[in-house]
Amino acid sequence: MAQSQLARSEQINGWAFVAPALILLGLFMIYPILWSLWMSLQTGRGMVMSFGGFTNVMRLTQDPVFLRALTNTLTFLAIQVPIMLILALLFANALNDSKLWGRSWFRTAIFLPCVTSLVAYSVVFRSMFGQEGIINDMLMNLGLIGSPIPWLADPFWAKVVIVASITWRWTGYNMIFYLAAMQNIDRSIYEAARIDGVPAWARFWYLTVPMLKPVILFTTVISTIGTLQLFDEPNLITLGGPSDSTLTLSLYIYNLSFKFMPSFGYAATVSYVIVVLVGILSVIQFFLARDRRA
Amino acid sequence: MSRTTSRWTRALAVTMTGISLFTVAAASAGEITVWAWDPNFNGATMNKAAEIYKADHPDTTVTVVDFAKADLEQKLQAQLASGTTDGLPDIVLIEDYGAQKYLQSFPGAFEPLTDKIDYSNFAPYKVELATLNGQTYSVPFDSGVTGLFYRSDVLEEAGYTAADLADITWDRLIEIGTDVKEKTGKVLLPFDPNDAGIIRIMMQSAGSWYFNADGSVNIADNAVFKEALSTYQDLVASGITKPVAGWTEYTGSFTSGDTVATPTGVWMVGTIKANADQSGMWGIAPLPKLDGVEGATHASNLGGSSWYVLSSAPNKEEAIDFLATIWGSDADFYQEILVNQGAVGSLMAAREGAAYSESDDFFGGEPVWQNFSDWLGQIPAVNYGIFTNEADAAVIAQIPALTSGGNVDEIAAAIDAQVRQQVQ
């Protein structure tokens with residue numbers, strides 16, 4: 001009897017302790033998610049909305065802008081994420097060498113971009129890649145190009161600028177994960193390999209990379225999610241242009257809600273496309289990186 | 001003991017600060033907040049209006065908050081959509097293309113001014129733009145009447161005078177541009193591939209738009225629109241244009257002398273005149289005409305905007321009184337902003353003032369205001385509808401296809417398909 005009373009009071013106390021967190025979670029996370037799901041089934045202009053069922057999903061399939069935004073987003077994903085992760089891995093490997101001079105200085109320098117103000121760096125990138133910007137000046141002076149490249153006015157080059165800027169901003173962030181993981185690898189493994197005469201590249205490829213596998217998987221998933229939600233750079237540097245060439249799904253959602261005739265229901269539908277994509281891609285990545293020993 | 005005292009003093013200090021803050025808040029009841037873009041133009045005219053109003057209403061202060069136009073529109077739309085009125089201004093500037101969109105998608109957000117302003121004094125097309133279900137919501141402001149702004153000194157160097165630019169077609173402009181480039185090495189026009197402004201200018205100059213009068217899509221079979229597209233294509237193909245990215249590069253290209261002309265709205269006068277060292281080197285010609293299009297004129301419109309009062313505004317009554325007194329009836333005020341900012345307002349009475357007949361030495365002594373005023377009267381009326389932003393985005397998406405020499409009919413069909421998809 002006393003036992004069960006204690007158990008009950010423990011249970012009540014337990015729930016009382018987690019209740020505030022649960023209520024907040026429900027209010028600010030679960031409710032908005034459910035509400036946006038409900039909203040994605042509605043059509044209408046501005047605040048005047050009505051139930052439309054799957055009209056929005058049908059609209060998706062015939063929307064050329066959506067298809068462009070989707071293609072751009074996936075292009076960024078396919079090009080930028082591998083470049084960034086390989087760079088981060090190489091940097092981490094180089095900076096992990098205890099004999100390297102000025103190691104901590106380089107680490108800070110490479111990490112710094114991801115803590116700089118987004119707006120400030122976008123403005124700087126915009127001016128650097130301007131028609132008369134420092135990048136064109138430099139390339140011209142080096143004799144690499146004959147006439148200035150219209151970085152922000154040409155669909156192809158605008159994509160290049162976006163890829164360059166996200167890479168600049170996030171490489172250091174991923175590098176830190178790799179560095180931390182590398183420092184957990186036992187030095188004696190490398191020593192043994194060195195004594196056996198394994199060359200440096202093979203030590204990197206056959207020892208470091210496999211041992212970093214869980215971290216590589218983690219950074220790949222994180223970067224994939226980040227790139228699928230890419231908004232800041234296209235919005236601040238290229239405005240999605242020229243000609244929708246850097247329009248991403250997030251930017252399209254923003255345009256649908258805040259630039260065009262407000263169409264919140266349809267915008268919610270597009271945002272669920274991102275949710276589905278994140279789900280599918282994460283599952284694929286986990287599947288590819290699964291442990292085959294078992 | 002001393003500790004208790006100090007605690008009491010602190011509490012007292014806090015209370016006093018609270019009270020004084022409260023009084024400050026009460027005293028600032030006469031503060032009207034305005035959101036606007038372009039401090040050289042809209043901001044400057046609003047400040048001038050406030051200065052005049054202040055003479056009779058010393059307690060009123062008008063604060064103009066300056067944003068980039070796109071930022072202002074998106075901030076306004078985001079706040080209206082969220083339903084949070086805190087932080088919204090009393091008065092907001094809205095570009096005419098977007099007026100109906102705001103009025104129709106946010107019912108009740110703007111204050112009807114129908115019986116507060118005498119609309120018979122204003123150009124009817126401006127009043128029409130801001131009228132929904134019999135209520136008018138704006139105080140009409142500037143017109144975006146267009147002209148071709150050019151560097152007369154550079155064109156003179158290539159052997160052209162003002163007379164050579166009067167009543168020409170776009171094809172003739174291409175010939176002139178090619179010749180100027182050969183003789184002076186300078187490119188004629190800057191083009192932003194992310195801005196469909198020039199196509200809108202061409203379209204309206206022949207009385208056509210993306211939409212019919214009843215709001216239905218008018219693109220794939222719109223002969224005027226297709227002529228505008230192919231003219232754009234010719235302009236780019238002829239090599240007399242230079243690509244620019246964004247507003248700053250665009251205005252920078254002709255104020256620095258890198259390019260020598262641009263067809264744009266009269267409101268560009270302020271930006272051009274800000275470079276005092278170029279006085280006398282500029283001229284303004286009528287807009288070139290579309291070739292072989294029935295009803296084509298030399299007059300068109302780009303932009304133009306009006307003031308709106310928000311229903312949620314804390315100082316609504318004062319804001320309305322301010323707008324009605326100065327913007328709604330003070331013809332002298334319009335004379336002043338015309339001369340200083342190049343603002344061609346839409347208050348009809350202002351057009352009879354002396355400032356309109358004066359010549360401007362900056363533009364080679366031409367009676368530029370009289371000219372703009374004449375062109376203003378000839379602008380063909382069109383219905384902007386509520387989806388101009390969407391249509392613009394569709395045109396911009398096809399500009400690379402256009403500049404790489406694509407088939408105009410196919411491009412128009414693609415734009416048509418995208419717009420039809422977006423306007424549901």
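How many residues apart in helix H2 (residues 39–56) of chain B are Lys48(B) and Glu51(B)? The legends below, which describe a predicted model, begin with this pair.

**View 1. A salt bridge within helix H2 of chain B joins Lys48(B) to Glu51(B).** The two residues are three apart in helix H2 (residues 39–56) of chain B and are therefore separated by about one helical turn. Their side chains meet with an N to O distance of 3.3 Å. Lys48(B) has a relative accessible area of 19% and is buried, whereas Glu51(B), with a relative accessible area of 51%, is exposed. Together with Glu336(B), Lys48(B) and Glu51(B) are linked in a network of salt bridges.

**View 2. Glu95(B) and Lys69(B) form a salt bridge in chain B.** The closest N and O atoms of Glu95(B) and Lys69(B) are 2.9 Å apart. Because Glu95(B) lies in strand E3 (residues 91–95) and Lys69(B) in helix H3 (residues 69–82) of chain B, the pair ties together parts that are 26 residues apart in sequence. Glu95(B) is buried, at a relative accessible area of 14%, and Lys69(B) is partly exposed, at 28%.

**View 3. Asp416(B) and Arg420(B) form a salt bridge within helix H18 of chain B.** These residues lie four apart in helix H18 (residues 408–422) of chain B, which means that about one helical turn separates them. The closest N and O atoms of the pair are 2.6 Å apart. Asp416(B) is buried, with a relative accessible area of 9%, while Arg420(B) counts as partly exposed, with 46% relative accessibility. Over all chains, the count comes to 15 salt bridges.

**View 4. Chain A meets chain B across an interface that buries about 2,600 Å².** Carbon and sulfur atoms give 56% of this buried area, and 32 residues of chain A are in contact with 33 residues of chain B. Between chain A and chain B there are zero salt bridges, but ten residue pairs are in polar contact, with both residues at pLDDT 80 or more. On the side of chain A that touches chain B, helix H3 (64–95), helix H12 (249–258) and helix H13 (264–288) each supply at least two residues. The largest share of that side, four residues, comes from H12(A).

**View 5. Thr227(A) is a buried residue of helix H10 in chain A.** Helix H10 spans residues 213–228, and the relative accessibility of Thr227(A) is 5%. A polar atom of the side chain of Thr227(A) lies 2.7 Å from the backbone oxygen of Ser223(A). Leaving aside neighbours within four places in sequence, Thr227(A) is in contact with Thr73(A), Phe76(A), Leu77(A), Gln80(A) and Val81(A).

**View 6. Asn174(A) is a buried residue of helix H7 in chain A.** Helix H7 covers residues 155–182, and Asn174(A) has a relative accessible area of 2%. The side chain of Asn174(A) reaches the backbone oxygen of Trp170(A) at 3.1 Å. Not counting residues up to four places away in sequence, Asn174(A) touches Met84(A), Leu85(A), Ala88(A), Thr219(A) and Ser223(A).

**View 7. A nonpolar surface patch of about 1,000 Å² on chain A includes Phe17(A).** The residues that make the patch are Trp15(A), Phe17(A), Val18(A), Leu22(A), Leu25(A), Met29(A), Ile30(A), Ile33(A), Leu34(A) and Leu37(A). Phe17(A) has its place in helix H1 (residues 2–39) of chain A and, at 68% relative accessibility, counts as exposed.

Notes: Residues are numbered from 1 along each chain as its sequence is written. Chains are lettered from A and ligands numbered from 1 in the order in which they are written. This is a predicted model: local features need pLDDT of at least 70, side-chain atom pairs count only at pLDDT 80 or more; totals for chains, interfaces and linings use all residues. Side-chain values use heavy atoms; hydrogens and water are left out. Patches are made of residues with over 30% relative accessible area and no salt bridge: like charges are joined within 9 Å, nonpolar side chains (Val, Leu, Ile, Met, Phe, Trp, Tyr) within 5 Å. Accessible areas come from the Shrake-Rupley method with a 1.4 Å probe; for residues, only the protein chains shown count as cover. A salt bridge is a side-chain nitrogen of Lys or Arg within 4 Å of a carboxyl oxygen of Asp or Glu. Buried means under 20% relative accessible area, exposed over 50%, partly exposed in between (1.4 Å probe, protein chains only). Contact means heavy atoms within 4.5 Å. Buried area is the accessible area (1.4 Å probe) that two parts lose on being put together, summed over both. A polar contact is a pair of N or O atoms within 3.5 Å; within protein, one must be able to donate a hydrogen and the other to accept it, and residues adjacent in sequence count only if both atoms are side-chain atoms.
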